[in-house]
Amino acid sequence: MTMIFGIPLMVLFGQLMLGLINGAFYALLSLGLAVIFGLLRIINFAHGAQYMLGAFAALLGAQYLGLNYWTALIVVPLVVGALGIVVERLLLRRIQHLDHLYGLLLTFGLALIFEGTLVNLFGVSGSSYPIPEALSGGFKLSFMFLPTYRAWVLVAALVVCFGVWFLIERTRLGAYLRAGTENPELVQAFGINVPLMVSLTYGLGVALAAFAGVLAAPLYPVSPTMGSSLLIVVFAVVVIGGMGSILGAILTGLAMGLIEGLTKVFYPEAANTVIFVVMVMVLMLRPAGLFGKEA
């Protein structure tokens, strides 16, 4: 059996693939956070709860409405994103001119409300969501067995991530969004509805979290607390990439997943902390993050 640094090649590549899939979730969630902070300057501490709502909506839709996976993948992000728009219009808009700390506290309180409500209704034990039949099974590669659903998660996450990056960085709509956050009065004078763009931008960030939740439902137990522990890691990824950097969030999320996967092979005890170690090192050398701009 081929060995690399004393590690079987199949084990190494298998762990790298798992790390890349985890990195795809980090990239999706970090992208949503980066969109919301980069364009709206809102530190969305409810992001983990919105990811959890996406997974729960898919599970409950399947149990009570007969909603299949493919329909949930489209409908759930739209519904949770619409909920995000309501939150932005009714709550966040009232404090948009205040210090960022108020937005952080408000979204943190919303996260506790969402999580606590579902804990009271469904308890803390996780529920399973079935893998769709079309994505069951796997591929026998020369170095590992790759489940079809995990390959689908990786492809879907990358397509959505780079699609959102292209929308914001390479289209006229994205230019309007960026201009509206930098000089809303001027953009409003050209007849563009800036408040509506702000609401839709927040809804987009929330929909990305919900989309990640639907993708995660067949892989991880669906529980009210599934987003709380992941949120801290995702915030670390955003800080490493640079707060507000769209491309930085995507690339850093994938890279941190791979680094975490390698750490599990060579030094498993540090796997849960390696991302935070990288964050500290990056902040010491580049306080704005790898892709962030110095103030």
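In this predicted model, ring pairs join Tyr69, Trp70, Tyr129, Tyr149 and Trp152 into a cluster. Within that cluster, Tyr69 and Trp70 make an edge-to-face pair. Their ring centres are 5.2 Å apart, and the planes stand at 80°. Planes over 60 degrees apart count as edge-to-face, so the value of 80° for Tyr69 and Trp70 falls in that class. Burial of the two rings was evaluated separately. Tyr69 has a relative accessibility of 4% and counts as buried. Trp70, at 38%, counts as partly exposed.

The count of aromatic pairs comes to 8. A pair of rings is described by the distance of the centres and the angle of the planes. Phe56 and Phe122 form a tilted pair, with 5.3 Å from centre to centre and 40° between the planes. Phe56 belongs to helix α2 (residues 47-64), while Phe122 belongs to helix α4 (residues 100-122), so the pair ties together parts 66 residues apart in sequence. Phe56 is buried, with 5% relative accessibility. Phe122 is partly exposed, with a relative accessible area of 36%.

Tyr69 also takes part in a helix contact. Helix α3 (residues 69-90) and helix α8 (residues 194-216) cross at roughly 140°, and their axes come within 7 Å. Angles over 145 degrees would count as roughly antiparallel; α3 and α8 are therefore oblique to each other. The crossing of α3 and α8 is right-handed. On the α3 side, the contact is made by Tyr69, Ala72, Leu73, Val76, Pro77, Val80, Gly81, Gly84, Ile85, Val87, Glu88 and Arg89. On the α8 side, the residues are Leu196, Val198, Ser199, Leu200, Tyr202, Gly203, Val206, Ala207, Ala210, Phe211, Val214 and Leu215. By class, the contact of α3 with α8 has 18 nonpolar, 4 polar and 2 charged residues. Glu88 and Arg89 of α3 are among the contributors.

Tyr202 of α8 also touches Thr107. Thr107 lies in helix α4. Its relative accessibility is 0%, so Thr107 counts as buried. With residues up to four places away in sequence left out, Thr107 touches Ile43, Asn44, Phe45, Ala46, Leu92 and Tyr202. Helix α4 thus holds both Thr107 and Phe122. The burial classes of these two residues are buried for Thr107 and partly exposed for Phe122.

A further helix contact involves α5. Helix α5 (residues 148-170) and helix α10 (residues 246-266) pack at about 160°, with axes 9 Å apart. These two helices are therefore roughly antiparallel to each other. Their crossing is left-handed. From α5, the contact includes Leu158, Cys161, Phe162, Trp165, Ile168 and Glu169. These residues meet Ile246, Leu247, Ile250, Leu251 and Leu254 of α10. The contact of α5 with α10 has 10 nonpolar residues, no polar residues and 1 charged residue.

Helix α5 also packs on helix α6 (residues 172-182). The angle is about 70°, and the axes are 5 Å apart. That makes α5 roughly perpendicular to α6. Leu167, Ile168 and Glu169 of α5 meet Leu173, Gly174, Ala175 and Arg178 of α6. The residues in this contact divide into 4 nonpolar, 1 polar and 2 charged. Ile168 and Glu169 appear in the contact with α6 and also in the contact with α10.

Two loop positions complete the description. Arg41 sits in the loop between α1 (9-40) and α2. The phi angle of Arg41 is near 60°, a positive value in a residue other than glycine. At 43% relative accessibility, Arg41 counts as partly exposed. Ala270 is in the loop between α10 and α11 (274-285). Ala270 has a relative accessibility of 16% and counts as buried, since the cut-off for that class is under 20%. The C-alpha atoms of Ala270 and Glu260 are separated by 8.7 Å, and the two residues are 10 apart along the chain.

How values were computed
Residues numbered from 1 in each chain as written. Predicted model: local features only at pLDDT ≥ 70, side-chain atom pairs only at ≥ 80, totals over all residues. Heavy atoms only, no water. Axes fitted to C-alpha atoms, helices over the stretch in contact; angles between N-to-C directions. Helix = DSSP H or I, 4+ residues; strand = E, 2+ residues; numbered from the N terminus. Parallel < 35°, antiparallel > 145°, perpendicular 65-115°, else oblique. Left-handed = near helix turned anticlockwise from the far one by under 90°. Contact = heavy atoms within 4.5 Å. Nonpolar A, V, L, I, M, F, W, Y, C, P; charged D, E, K, R; others polar. Phe/Tyr/Trp six-rings, centres within 6.5 Å; stacked < 30°, edge-to-face > 60°. Buried < 20%, exposed > 50% of the residue type's maximum accessible area, 1.4 Å probe, protein only.
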